Amino acid sequence: MSKPNRRGASAATSVAGDRRAPSKGERQRRAILTALAELLEERPFSELNVNDIASAAGVLRSGYYFYFDSKFAPLAVLTSEIWSDLFDRTESFVRFENESVSDFLDRVHLITASEWQTQAAVLIASVQAIPQNEQIAGMWRARNEHLVDLLTTQVSKDRDAGLASPATPDVRGLVAALLEMTMHMFYRDRLEKCTPEQTERSFTALRAIWLASVWGVMPADATGDN
């Protein structure tokens, strides 16, 4: 069962000192989101319809459409909540001062892997919905472009400081290609339910590619001070 996203689960919670309980509407909306996440643990998104989700949430079909206009809409919300949590946990993919490149990659990878492991069903469904729904496709494009911007800024800053040696002058293009490869590897890893050993092997290689092509650091040098 997918673990409720911390950010999403608290969205309807009152602020400190506010004793007001979440409204019925807030509870119903969250029930729909939770129901979809739980259904995705058992069935592919392509096999679900609005009636399935509404029934699992304990709301009428008309009640469902009060909050969402399609079966894709709650999936988009769940995806957005996962991304928000990911960006919060990684502190926006920015390398800390005095944090080595190796430690930066390990920190970001572990947090991202944790999101994919605990939210695999939702993320897999979201990726598979990209060709079917423009809203979700647009969300993924915007998310990827934002992440490319953040990492391009970080790499450019490191390059200017003499800490990075990108394999091409087109830093943004390099980062975009590596991110596309990285997302595919996370997706494939969870879709195929890889063993821990298979996962470790794949991501050890991925880490080496990032280090070598972006920062000019070979694996043997990864514990250096870059």
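**Aromatic pairs and loop residues in a predicted all-helical model**

Phe 186 and Phe 203 are both buried. They belong to a model that is predicted, and in which the protein holds 10 helices and 0 strands. Read from the N terminus, the order of the elements is accordingly α-α-α-α-α-α-α-α-α-α. Of the 226 residues in the protein, 45% are buried, while the exposed surface amounts to about 12,200 Å², of which carbon and sulfur atoms supply 53%. When contacts between residues at least 6 apart in sequence are considered, 64% of them join residues at least 24 apart.

A search of the whole structure for aromatic pairs returns 9 of them. One of these is formed by Phe 104 and Trp 215, whose rings lie 6.3 Å apart from centre to centre with 75° between their planes, an edge-to-face arrangement. This pair links distant parts of the chain, since Phe 104 is placed in helix H6 (residues 101-118) and Trp 215 in helix H10 (residues 196-215), with the two positions 111 residues apart in the numbering. Phe 104 has a relative accessibility of 2% and therefore counts as buried, the limit for that class being under 20%. Trp 215, with a relative accessible area of 3%, is likewise buried.

The rings of Phe 186 and Phe 203 have centres 4.7 Å apart and planes at 35°, and the pair is therefore tilted, as planes under 30 degrees apart would count as stacked and those over 60 as edge-to-face. This pair, too, links distant parts of the chain, with Phe 186 in helix H9 (residues 171-191) and Phe 203 in helix H10, 17 residues apart.

A further aromatic grouping involves Tyr 64, Tyr 65 and Phe 68, which together form one cluster. Two members of that cluster, Tyr 64 and Tyr 65, are also touched by Ser 70, which in addition touches Val 50, when residues up to four places away in sequence are not counted. Ser 70 itself is located in the loop between helix H4 (61-67) and H5, and its side chain reaches the backbone nitrogen of Phe 72 at 3.2 Å. The ring of Phe 72 is in turn covered on its face by Lys 71, at 5.8 Å from the ring centre. Lys 71 also lies over the face of Phe 45, where the corresponding value is 4.4 Å.

Attention may then be turned to backbone angles in the loops. Asn 98, which is not a glycine, has a positive phi near 70° and is found in the loop that runs between helix H5 (72-90) and H6. With a relative accessible area of 77%, Asn 98 is exposed, because that class begins over 50%. A positive phi also occurs at Lys 193, again a residue other than glycine, with a value near 50°. Lys 193 is placed in the loop between H9 and H10, and its relative accessibility of 66% makes it count as exposed. The helices on either side of the Lys 193 loop, H9 and H10, are those that carry Phe 186 and Phe 203 respectively, both of which are buried, whereas Lys 193 is exposed.

Terms used:
Residues numbered from 1 in each chain as written. Predicted model: local features only at pLDDT ≥ 70, side-chain atom pairs only at ≥ 80, totals over all residues. Heavy atoms only, no water. Phe/Tyr/Trp six-rings, centres within 6.5 Å; stacked < 30°, edge-to-face > 60°. Helix = DSSP H or I, 4+ residues; strand = E, 2+ residues; numbered from the N terminus. Buried < 20%, exposed > 50% of the residue type's maximum accessible area, 1.4 Å probe, protein only. Lys NZ or Arg CZ within 6 Å of the ring centre and 35° of its normal. Contact = heavy atoms within 4.5 Å. Areas by Shrake-Rupley, 256 points an atom, 1.4 Å probe, with all protein chains shown as cover. Polar contact = N/O pair within 3.5 Å; in protein donor to acceptor, adjacent residues only side chain to side chain.
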